[in-house]
Amino acid sequence: MQVSRWIFAIVLFFALALGDFAHAQDRQGWSPQAKGAVIGGLGGAAAGALINKRNRAVGGVVGGVAGAGIGYAIGKHTDNKRKERARIAAENAAIARNAEYRNAEYRNARNSGRGNGTASRAAGATALAASAAPVKASDAAAFADRTGYLPNDTNGNRDAAYPTSEYRRKSW
Amino acid sequence: MKSFLNLLLGGALLTACSTPKAPDTVNVQTLNQQFVEAWNAKNTVQLDSLLADDVQFVQGEAHFSGKAEVADKWIRATQNTISNLKTSTVSTGTDASLAYEAGTFSVDVLPEDPRLPRGTGTGNFLLLWKKNAKNNWKLSLAQLEGLPVQVRR
């Protein structure tokens, strides 16, 4: 009776765990949690059966559950680290895209101003300010709040005084 | 006759021993004060009038040459972004045709967008003045080094 309860518990655990992993597996094979749980479960079951010589079934079930739990935790930790790396990479890519967008707008405004004189240069600058303002203002405010320094709007602009600085250095 | 000759000799001696007149130097603090006040008053006409024709401006990777370029790319590009410019002198020097002042500056940085915070800019400066052919003192070199602009709390 007791053995059947353990078997039911481990089957339930694996069913829930593997059911949760199904989506991740659809995307890209086995998730780290699934791998960890299966490897831990199998290893734990084998170890439990070997250790508990008086009742190898119970030993296997207990070892399997414990091993699966530990394996799941290790897999979850690995998955969290992988997601954090992906999030940072995506954030960096967004920042780079944003900087490139601003630089392109700046170059366009400058080029249009060169060809058509002062009036169109002023118009280009206004258009640049209007198009870049929503992105720039919110990003800049968040940056300033986070770092305590103003961001460098001319980062990447080779004509500026400080084109490689993340922080704004140009004041006077 | 003898006393007259002694008087003449004494006068000649005094004339020979008198030190030559000191060269006509300038008070560089006064020049810089005019310059800073013109910045704070956003008086571009006065700022232009203080620039030499061959003025040089150096800041980070930027280098502007000539009155027109410096007036356009430094003064007009910057004047509406800052206020309350203050300087603190570290070193000065003057001679007959050259005067300089170097030190640190601080300035309020105005936000371009109302959602952005105000900033406080600090840095180092060197202003070099030269006397031109008309005996007027003009700014010949401005070298600025800006430090990261802090959010004003």
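Lys42(B) counts as partly exposed, because 13 C-beta neighbours sit inside 10 Å, and the cut-off for exposed is 12 or fewer. This residue sits in the loop between helix H2 (28–40) and helix H3 (44–50) of chain B. Its phi is near 55°, a positive value in a residue other than glycine. That's worth a second look, since most residues other than glycine have a negative phi. Keep in mind that this is a predicted model.

Chain B has another case of this kind. Asn84(B) also isn't a glycine, and it has a positive phi of about 55°. Asn84(B) lies in strand S3 of chain B. Is Asn84(B) buried or exposed? It is exposed, because 12 other C-beta atoms lie within 10 Å and a residue with 12 or fewer falls in that class. Here are the two side by side:

| Residue | Phi | C-beta atoms within 10 Å | Class |
|---|---|---|---|
| Lys42(B) | near 55° | 13 | partly exposed |
| Asn84(B) | about 55° | 12 | exposed |

Staying with strand S3 of chain B, how does it connect onward? S3(B) and S4(B) run antiparallel, and 10 bridges join them. The link between S3(B) and S4(B) is a hairpin of three residues. One of the bridge pairs puts Thr94(B) opposite Ala99(B) in S4(B).

Now for the interface. On the chain B side, 24 residues are in contact with 18 residues of chain A. Which strands of chain B each supply at least two residues to that side? They are S3 (82–94), S4 (98–109), S5 (119–131), S6 (137–146) and S7 (150–151). By class, the side of chain B that touches chain A has 13 nonpolar residues, eight polar ones and three charged ones.

Over in chain A, take helix H2 (residues 32–51). Its 20 residues, at 1.5 Å a residue, should span 28 Å, and the end C-alpha atoms are 27 Å apart, so the two values agree. Quite a list of residues in H2(A) is buried: Pro32(A), Gln33(A), Ala34(A), Gly36(A), Ala37(A), Val38(A), Gly40(A), Gly41(A), Gly44(A), Ala45(A) and Gly48(A).

Finally, the confidence scores. The model has an ipTM of 0.78 and a pTM of 0.53. For chain B the mean pLDDT is 89, with 84% of its residues at 70 or more. Where pLDDT is low, the predicted coordinates shouldn't be read in detail.

Notes
Residues are numbered from 1 along each chain as its sequence is written. Chains are lettered from A and ligands numbered from 1 in the order in which they are written. This is a predicted model: local features need pLDDT of at least 70, side-chain atom pairs count only at pLDDT 80 or more; totals for chains, interfaces and linings use all residues. Two residues are in contact if their C-beta atoms, placed from the backbone, lie within 7 Å. Helices (H or I, at least four residues) and strands (E, at least two) are DSSP runs, numbered from the N terminus. Ala, Val, Leu, Ile, Met, Phe, Trp, Tyr, Cys and Pro count as nonpolar, Asp, Glu, Lys and Arg as charged, and the others, Gly among them, as polar. Two strands pair if DSSP finds at least two bridges between them. A residue is buried if 20 or more other C-beta atoms lie within 10 Å of its own, exposed if 12 or fewer, and partly exposed in between; C-beta atoms are placed from the backbone. The expected span of a helix is 1.5 Å times one less than its number of residues. pLDDT is the predictor's confidence in each residue, from 0 to 100.
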